[in-house]
Amino acid sequence: QLQLVESGGGLVQPGGSLRLSCAGPALTTNYYVIGWFRQAPGKEREGVSCISSSGGTTNYADSVKGRFTISRNNAKNTVYLRMNSLKPEDTAVYYCAATAHAFSSDWCRVTSEYRYWGQGTQVTVSS
């Protein structure tokens, strides 16, 4: 069982930045694809970004493209989501998830493709 732990959420003003982290003990040894998802109150969970096991390929939702950057440090078993120019509509609980499937931009932001999930971290963008 792969356990994932998110951290780095909080309250930030519009235009501000946050960096989320997703840590897991086996992220490197099992070559997992990692996705970041978010769920706002009353809305479905949506895929924000994803990264291949090597970190060489990434994918972003149009709503965050150019503002968010996903990266991974396999030596530290951690995947990051750097969020800049935050907007109130980015407010949500953010989750990371892992899958052993081979990376494809066709599905890497689809929730049903992921088996392992973290508990989530709250991001609130408000003045």
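**Disulfides and two buried residues in a predicted model**

With 70 degrees about the S-S bond, the disulfide of cysteine 22 and cysteine 96 is right-handed. The model is predicted.

Reader: How do you know that cysteine 22 and cysteine 96 are joined by a disulfide?
Author: Their sulfur atoms are 2.1 Å apart. A disulfide requires two cysteine sulfur atoms within 2.5 Å, so the pair counts as one. Cysteine 22 is in strand β3 and cysteine 96 in strand β9, 74 residues apart.

Reader: What makes cysteine 50 and cysteine 108 a disulfide?
Author: The S to S distance is 1.8 Å, and the cut-off is 2.5 Å, so this pair qualifies. Cysteine 50 lies in strand β5 and cysteine 108 in the loop between β9 and β10, so the bond ties together parts 58 residues apart in sequence. The structure holds two disulfides.

Reader: Why is threonine 121 called buried?
Author: Its relative accessibility is 11%. Buried means under 20%, so threonine 121 is buried. Threonine 121 belongs to strand β11.

Reader: What makes the approach of threonine 121 to glycine 9 a polar contact?
Author: The side chain of threonine 121 reaches the backbone nitrogen of glycine 9 at 3.2 Å. The limit for such a pair is 3.5 Å, so the distance meets it.

Reader: Why does arginine 67 count as buried, when it sits in a loop?
Author: The loop is the one between β6 and β7. The label rests on accessible area: arginine 67 has 10%, and the cut-off is under 20%, so arginine 67 is buried. The side chain of arginine 67 also reaches the backbone oxygen of serine 63 at 2.9 Å.

How values were computed: Residues numbered from 1 in each chain as written. Predicted model: local features only at pLDDT ≥ 70, side-chain atom pairs only at ≥ 80, totals over all residues. Heavy atoms only, no water. Helix = DSSP H or I, 4+ residues; strand = E, 2+ residues; numbered from the N terminus. Buried < 20%, exposed > 50% of the residue type's maximum accessible area, 1.4 Å probe, protein only. Polar contact = N/O pair within 3.5 Å; in protein donor to acceptor, adjacent residues only side chain to side chain.
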